[in-house]
Amino acid sequence: MDNAGGTPQDVVVPPVEGVAGGGTAYGWSDGGLHGTNPLKGSIDPLEVPTADLVHVWCMPSTANVGPQEIPRHLEPVNLLAARNERESVQIAIRPKVSWSSSGNAGIVQIQCTDLSSTSGDRLLVGQSIMFRRVVSILGVPDALVPLDHPVSQISLIPGETTAVWVSIDVPSAQPPGQYEGEFIISAVKAESDRSRSQCLNRGEKHRLYTELRNCLDTVEPIEGKPLDEVVERVKSATTSLRKVLLSTFSEFFSDNGPVDMMDEDAISNLSVRVKLNLTVWDFILPATPSLPAVFGISDTVIEDRFGVEHGSDEWYEALEQHFKWLLQYKISPYFCRWGDSMRVLTYTCPWPAGHPKSDEYLSDPRLAAYAVPYNQAVSGNDAAKDYLQKEVEILRTKSHWKKAYFYLWDEPLNLEQYDSVRNMASEIHAYAPDARVLTTYYCGPSDAPLAPTPFEAFVKVPKFLRPHTQIYCTSEWVLGNREDLVKDIVSELQPESGEEWWTYVCMGPSDPHPNWHLGMRGTQHRAVMWRVWKEGGTGFLYWGANCYEKATVPSAEIRFRRGLPPGDGVLFYPGEAFSSSSQPVASLRLERILSGLQDIEYLKLYASRYGRDEGIALLEKTGVYLGPERYTLEHMPIDVMRGEIFNTCRPMHE
């Protein structure tokens with residue numbers, strides 16, 4: 001490209017469309033923010049305000065902030081959260097100029113203070129507050145790679161926007177109130193530039209000598225001086241020393257724990273400060289999610305990628321890590337292994353029912369539902385049938401049995417497969433008449449038409465499967481944009497006999513309907529749960545959260561499976577693909593699923609006060625969600641809806 005007309009960072013590029021048409025930006029105009037007097041020549045970031053070097057602005061959690069996102073004005077962040085809720089925001093950074101001698105634009109140091117209330121209560125960085133870097137997958141912002149806390153450094157690319165995802169987890173016992181803090185961005189010297197501090201030239205040595213000598217001169221004549229003067233002299237010397245340390249030895253700060261030691265005076269004049277205001281209100285999201293959201297984790301993917309042998313100690317450890325990690329997203333995980341013709345072995349706990357670990361897993365209050373295996377998850381000495389009977393007998397004595405379900409077959413298509421479901425269910429019900437069997441389906445048996453049209457046949461499946469299925473889990477794809485068809489499905493069920501209606505998404509439905517494919521809008525991801533609540537489903541299933549292509553080393557590149565829409569079946573990534581960490585890396589989509597599940601708790605609270613019809617009216621009145629093709633594309637209506645629930649449902653004494 002010919003850059004005669006200006007440097008690359010002077011050019012504002014329109015947003016790139018996402019994979020599924022959702023777009024990677026929230027609109028574009030020619031009114032981008034440009035520095036009026038771009039800095040030229042050699043730049044020392046320790047002598048220039050960071051605001052002259054980078055644009056900093058904030059974006060909501062539903063925004064897909066891609067590399068071409070254009071700058072906006074920086075405004076304070078105002079968030080609302082209940083207790084036991086996670087609320088997130090994004091901070092975007094884009095270089096105005098380059099100040100590094102290497103290929104990147106420069107390095108910024110980011111840190112966050114604790115959030116404090118006027119009552120002295122705090123939300124701590126690294127515990128309740130964490131920040132992660134947004135990394136693109138197939139050109140679409142999706143992976144959230146952890147950054148160091150409380151201080152981290154990010155290398156910026158010329159002409160590209162980088163986003164940092166900031167999450168605040170409010171503990172259940174956190175006192176309500178107004179909390180304030182800051183996110184601080186400071187331009188620093190690049191590694192190649194910093195090396196000068198290890199071999200200072202004569203001029204730099206003289207500057208350093210003069211500054212240190214001045215510090216000494218300030219504090220030496222204090223004997224016999226009044227206390228207030230001594231304090232002032234020490235403060236002045238401390239400020240000077242911090243500036244010396246920051247300008248000469250900045251590379252050591254992120255290694256020495258909190259940078260709070262050097263914050264106020266040393267960086268206040270140069271840094272960009274983003275104000276974070278959080279209102280915590282007196283509503284506690286239930287420990288056990290109101291809506292069971294059961295998500296599959298492929299055990300064979302774990303075995304292949306991490307090289308753990310099925311049934312080994314390392315295998316149990318790997319499964320436990322995934323189980324516990326997903327619970328924070330208000331998801332009820334189940335492990336799965338696929339057999340012939342879509343038969344699936346599903347189990348939430350890899351240990352047998354009599355093992356102490358079984359109670360630990362299945363009694364966890366964050367778990368809303370758990371899958372009981374029809375066959376042994378790990379080979380043992382018991383015959384399969386004896387094993388099933390023994391497991392069921394033990395589990396039925398437990399208080400958590402009410403959370404149990406059996407998921408035996410995924411999307412049966414013909415009479416033979418439907419009969420297999422019936423036969424397995426009959427065996428289970430012989431041991432446990434109150435057992436719940438879940439069946440996913442999007443059509444009736446193809447070789448035994450139940451009705452004249454496909455949809456009518458689909459609606460008749462409960463009659464065909466009764467009493468062998470208690471949870472009828474249907475694809476949202478079947479409905480298309482005909483939300484009115486929900487009543488036809490529900491009218492066939494017998495809730496008085498314990499029958500439930502759950503839903504699922506997978507390859508379908510596709511854009512513009514709510515789903516979790518890569519490249520869809522953030523509100524489109526979040527709308528999956530709005531749809532569930534409005535339609536009246538009592539549970540939700542997702543087939544796979546780690547079902548990427550097979551790999552045999554943890555750090556291998558992540559590839560989505562061929563034939564599936566990008567992102568389908570993959571909601572988190574192995575940490576080793578991004579760093580030396582073995583912690584799973586969440587996707588933006590997983591965070592938005594959590595937000596959607598939290599929205600359900602807000603709507604449920606509102607409906608408990610004013611009725612379900614009023615809850616649906618609020619969802620529609622605010623423009624958040626009216627139907628599968630009519631939901632908000634912007635974030636503001638979400639805040640309006642949540643704010644209305646906060647204002648009308650909070651205790652009057654607050």
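## Around helix α5, and a buried alanine

The buried residues of α5 are covered by elements that include β13 (293-298), α6, β14 (332-338) and β15 (344-347). This is a predicted model, so please read what follows in that light.

Which residues of α5 are buried? They are D299, V301, I302, E303 and R305. Just after α5 comes G307, which takes a positive phi of about 60°.

Moving on along the chain, E309 sits in the loop that links α5 (299-306) to α6 (313-327). Is E309 buried or exposed? E309 counts as exposed because its relative accessibility is 62%, and the cut-off for exposed is over 50%. On the surface, E309 joins D313, E314 and E317 in a patch of negative charge.

Now to another part of the model: A82, whose place is in strand β2 (residues 77-83). With a relative accessible area of 0%, A82 is buried, since buried means under 20%. Leaving aside residues up to four places away in sequence, A82 touches V170, W281, F283, L285 and Y602. A82 also shows how the fold brings sequence positions together: A82 and Q598 are 516 residues apart in sequence, yet 9.4 Å apart in space, C-alpha to C-alpha.

Here are the two residues with their accessibility values, side by side.

| Residue | Relative accessible area | Class |
|---|---|---|
| E309 | 62% | exposed |
| A82 | 0% | buried |

To look at these places in the structure, you could begin with the patch of E309, D313, E314 and E317, then turn to A82 and its contacts V170, W281, F283, L285 and Y602.

Notes. Residues numbered from 1 in each chain as written. Predicted model: local features only at pLDDT ≥ 70, side-chain atom pairs only at ≥ 80, totals over all residues. Heavy atoms only, no water. Patch = residues over 30% accessible without salt bridge, like charges linked within 9 Å, V, L, I, M, F, W, Y side chains within 5 Å. Areas by Shrake-Rupley, 256 points an atom, 1.4 Å probe, with all protein chains shown as cover. Salt bridge = Lys/Arg side-chain N within 4 Å of Asp/Glu carboxyl O. Lys, Arg positive; Asp, Glu negative; His and termini not counted. Charge placed at Lys NZ, Arg CZ, Asp CG, Glu CD. Helix = DSSP H or I, 4+ residues; strand = E, 2+ residues; numbered from the N terminus. Buried < 20%, exposed > 50% of the residue type's maximum accessible area, 1.4 Å probe, protein only. Contact = heavy atoms within 4.5 Å.
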